[in-house]
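Reader: Hey, got a minute to walk me through this one? I'd like to start with the packing.
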Amino acid sequence: MSYLLRHGAVQEGMPMRSDGYVRVKDLLKHPMLRSVDFMTLEQVVKDDAKGRYHLMLDPTVDKVTPSSLSVEHWWICATQGHSISTVQLDLEPILSAANIPMALHGTTEKAWKTIAVHGISRMTRTHIHLAQGFDTDGVVSGIRDSSRILIYIDVAKALEAGIKFYLSKNGVVLTPGNDSGHLEPRFFHKVERVGRKFVQLPLDSLGS
């Protein structure tokens, strides 16, 4: 489902709105989801701790009673993580660093070697994903479980340099980065290695 909603809908011939929504009936017709019914899909969306999907009732059927609702009346989208360039998500612009408690990016030791020189890349996606912090249950939307390096972003400095930031429906901070799709090392506030304890890494050699 993640592949279809974030990356493959268009090439799989599935109609997608400009805001990333597809009809649930079209999604469930796809061979990848042939064994999934609407109740199962609804539960998957509800149970997703990171809030990566959003179900929406078609606004044209607002007078339909709940008992008469069917799969025909529902749309679904991924809240972020798209590589489909034509998708324009309903995102809230972040105009001040005061609007978010923090913005951090998690990565692996291997990827850090490149990031330390060139910065964080959005790669094939439309945005770089940043988390606002850590939940008490350890679930963090915007950071992969495999992350061992945490990069804290100086949002105020980046905003001042013209970098745009947005907030997704599930609270992930998104940025397209600079013209080449990177968030440069000069915008890193601090970097930590995750282990039995957090170890702060030096920043003086970044970007060199």
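Author: Sure, we can go through the cores, then a helix, then a loop residue. Keep in mind that this is a predicted model.

Reader: Ok, which residues touch the most other members in the largest nonpolar core?
Author: Those are W112, I151, I153, F165 and L183, out of 23 residues in that core.

Reader: And which elements each supply at least two residues of it?
Author: The helices are α4 (109-118) and α5 (155-160). The strands are β7 (128-130), β8 (149-153), β9 (165-167) and β12 (188-193). There's also a second, separate core of 17 residues, with A9, V24, L27 and L41 among them.

Reader: L41 is in α3, right where I was looking. What are the buried residues of that helix?
Author: F38, L41 and V45. They span an arc of only 60° around the axis, so they sit on the same side of α3.

Reader: Why would that spacing line them up?
Author: An α-helix has 3.6 residues a turn, so residues three or four places apart point the same way.

Reader: What do the buried residues of α3 pack against?
Author: They pack against α2 (24-29), β2 and β3 (74-78).

Reader: And which exposed residues are on the face turned away?
Author: M39, K46 and D47.

Reader: Switching topic: where does D48 lie?
Author: In the loop between α3 (38-47) and β2 (53-57).

Reader: Is D48 buried or exposed?
Author: Buried, because its relative accessibility is 14% and the cut-off is under 20%.

Reader: What does the D48 side chain reach?
Author: The backbone nitrogen of G51, at 2.9 Å.

Note on methods. Residues are numbered from 1 along each chain as its sequence is written. This is a predicted model: local features need pLDDT of at least 70, side-chain atom pairs count only at pLDDT 80 or more; totals for chains, interfaces and linings use all residues. Side-chain values use heavy atoms; hydrogens and water are left out. A nonpolar core is a set of buried Ala, Val, Leu, Ile, Met, Phe, Trp, Tyr and Cys residues joined through side-chain atoms within 4.5 Å. Buried means under 20% relative accessible area, exposed over 50%, partly exposed in between (1.4 Å probe, protein chains only). Helices (H or I, at least four residues) and strands (E, at least two) are DSSP runs, numbered from the N terminus. A polar contact is a pair of N or O atoms within 3.5 Å; within protein, one must be able to donate a hydrogen and the other to accept it, and residues adjacent in sequence count only if both atoms are side-chain atoms. The arc is that of the directions from the helix axis to the C-beta atoms. Contact means heavy atoms within 4.5 Å.
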